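User: Please take a close look at a single part of this structure and describe how that part is built into its surroundings. A connected account would be preferred to a list.

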Amino acid sequence: MIKKRNVISHQQKKLAGVLVAAGLTLSQTAEISGVSVRSVKRWYKAHKPNRSKKLKSMDKLFILFDLLKGTDFTKTSARLNLSPRKILSYLQDLNQKDIKIQKCANCQNIFLAEEIQRLCPFCLVARKL
Ligand SMILES: [Zn+2]
């Protein structure tokens, strides 16, 4: 049996970073880049990119808006600069009962949100500008 190397080479680091950024899990990344999950995890923790942060509430609103419109989530992903995987896992974790269909008090747009709110995401953004 070949033991996996624990020392990550520069090339492996780069590869692991690309794979994680592409939305692969740490174990998939470990398998492909040939390093142990523990090493990938340790390295990843130290090099965590911004996109691994929790979704902002604004991002969630736009994801829900696109969902209502039937927009392909890969387009949502490109527009919000979030990995498709992140959007999918958010949608999977969503409790449908918590989603409320609402009408914007400003532009009359129909939108979805987890909380009751008066304004649609677009008007919220416009107001913050
Ligand atoms: Zn609005």
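The part to be examined is helix H2, together with the helices that pack against it.

Analyst: The model is a predicted one. Its protein chain contains seven helices and two strands, arranged along the sequence in the pattern α-α-α-α-α-α-β-β-α. Of the 129 residues in the protein chain, 17% count as buried. Among contacts between residues at least 6 apart in sequence, 39% join residues at least 24 apart.

Helix H2 spans residues 26-33, and Thr29, Ala30 and Ser33 are buried in this helix. These three residues lie on the same side of H2, because the arc they cover around the axis is only 100°. An α-helix has 3.6 residues a turn, so residues three or four places apart point the same way. The packing partners of the buried residues of H2 are helix H1 (10-21) and H3. After H2 comes glycine 34, which has a positive phi, near 80°.

Two packed helices are described by the angle between their axes and the distance between the axes. For H1 and H2, the angle is about 145° and the axes are 9 Å apart. The crossing in which H1 passes H2 is right-handed. On the H1 side, Gln12, Leu15, Ala16, Leu19 and Val20 take part, and they meet Thr29, Ile32 and Ser33 of H2.

The pairing of H2 with H3 has its own geometry. Here the axes come within 8 Å and cross at roughly 115°, which means that H2 is roughly perpendicular to H3. H2 passes H3 in a right-handed crossing. From H2, the contact draws on Leu26, Ser27, Thr29, Ala30 and Ser33, while H3 contributes Val37, Val40, Lys41 and Tyr44. Thr29 and Ser33 thus appear in the contact with H3, and they also appear among the residues that H1 meets.

Valine 40 shows the arrangement from the side of H3, the helix of residues 37-46 in which this valine is found. Valine 40 counts as buried because 26 C-beta neighbours lie inside 10 Å, and the cut-off for burial is 20 or more. Beyond its neighbours within four places in sequence, valine 40 is in contact with Leu26, Thr29, Ala30 and Ser33, as well as with Ala16 and Val35. Of these partners, Ala16 is one of the H1 residues that meet H2. A further link towards H1 is given by lysine 13, whose C-alpha atom is separated by 8.2 Å from that of valine 40, although the two residues are 27 apart along the chain.

The nonpolar residues of this region can be set against those elsewhere in the chain. In soluble globular proteins, nonpolar side chains tend to be buried together. The largest nonpolar core has 10 residues, including Leu61, Phe62, Ile63, Leu64, Phe111, Leu112 and Ala113. Two elements, helix H4 (57-69) and strand S2 (110-113), each give two or more residues to this core, and H4 supplies the largest share, four residues. Apart from this core lies another, of six residues, among them Ala16, Ala30, Val35 and Val40.

In summary, the buried side of H2 packs against H1 and H3, and Ala30 of H2 belongs with Val40 to the core of six residues.

Note on methods:
Residues numbered from 1 in each chain as written. Predicted model: local features only at pLDDT ≥ 70, side-chain atom pairs only at ≥ 80, totals over all residues. Buried ≥ 20, exposed ≤ 12 C-beta atoms within 10 Å, placed from the backbone. Contact = placed C-beta atoms within 7 Å. Core = buried A, V, L, I, M, F, W, Y, C linked by C-beta atoms within 7 Å. Arc of directions from axis to C-beta. Axes fitted to C-alpha atoms, helices over the stretch in contact; angles between N-to-C directions. Parallel < 35°, antiparallel > 145°, perpendicular 65-115°, else oblique. Left-handed = near helix turned anticlockwise from the far one by under 90°.
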